[in-house]
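Open your viewer and switch to a cartoon view with side chains on demand. We will go from stop to stop, selecting a few residues each time.

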Amino acid sequence: MSAMTEKDPIRLLDIRDAPLSVDEVYGAVGDRSAGGTALFVGTVRDHDGHAEGVAVTSLGYSAHPSAADELRRVAEGVTADFPVRALAAVHRVGELAIGEPAVVVAVACDHRGEAFAAARRLIDDLKRQVPIWKHQTFADGTQEWVGVRA
């Protein structure tokens, strides 16, 4: 886990194999000078989002050893481009149950528009740049790795 000092707007970054806490992430970005806090929770759904009607029976995430460093780079990019008061991001690895949080991000800024934009950028860049891969097993017995680039 990477917890930062009060002066550093990056308050919490982690990739962990234990259940995620929305309260922990929200609490990490608490800042009395922030007027807006945006929080996003990505959860495991019971179907594949790209193939209509395909039931997912199990799902797991794996991370490359460089994932924590890449997550930090993403967070630093967001804090460089937006007036962030506080930022936190935690991603889960291992086997997850349907409905369980897989990723939680939060950003606090002076205004809500900035917070929404920064949180959107944080989750989008995390999904694009941090080497974390999803392994899905479907009801028909087939499997798929998502996010793996050959």
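Begin by selecting Gln136 and Glu144: Gln136 stands opposite Glu144, which belongs to S9. A word before moving on: this is a predicted model.

Now widen the selection to the strands around this pair. Strand S8 covers residues 132-138, and its antiparallel pairing with S9 runs over four bridges. Colour the rest of the sheet next: it is an open sheet of four strands, ordered S6-S4-S8-S9, with antiparallel pairing. At its edges you will find strand S6 (94-96) and strand S9 (143-146), each paired on one side only. Look along the sheet for its twist: on average, neighbouring strands are turned by 20° against each other, ignoring direction.

For the next stop, select residues 84-92, which form strand S5, and pick out His91 within that strand. Is His91 buried or exposed? His91 counts as buried because its relative accessible area is 4%, under the 20% cut-off. Show its surroundings: among the residues that His91 touches are Asp14, Ile15, Arg16, Leu20, Tyr61 and Leu126. Ile132 is also one of the residues touched by His91. Then draw a distance from the His91 side chain to the backbone oxygen of Ala102, and you should read 3.3 Å.

Finally, select residues 10-16, strand S2, where six of the seven residues are buried. Strand S2 runs parallel to S5, and six bridges join the two. To see one partnership up close, show Arg16 together with Arg92, its bridge partner in S5.

Methods: Residues numbered from 1 in each chain as written. Predicted model: local features only at pLDDT ≥ 70, side-chain atom pairs only at ≥ 80, totals over all residues. Heavy atoms only, no water. Buried < 20%, exposed > 50% of the residue type's maximum accessible area, 1.4 Å probe, protein only. Polar contact = N/O pair within 3.5 Å; in protein donor to acceptor, adjacent residues only side chain to side chain. Contact = heavy atoms within 4.5 Å. Pairing = 2+ DSSP bridges. Axes fitted to C-alpha atoms, helices over the stretch in contact; angles between N-to-C directions. Lists of a residue's contacts leave out its neighbours within four places in sequence.
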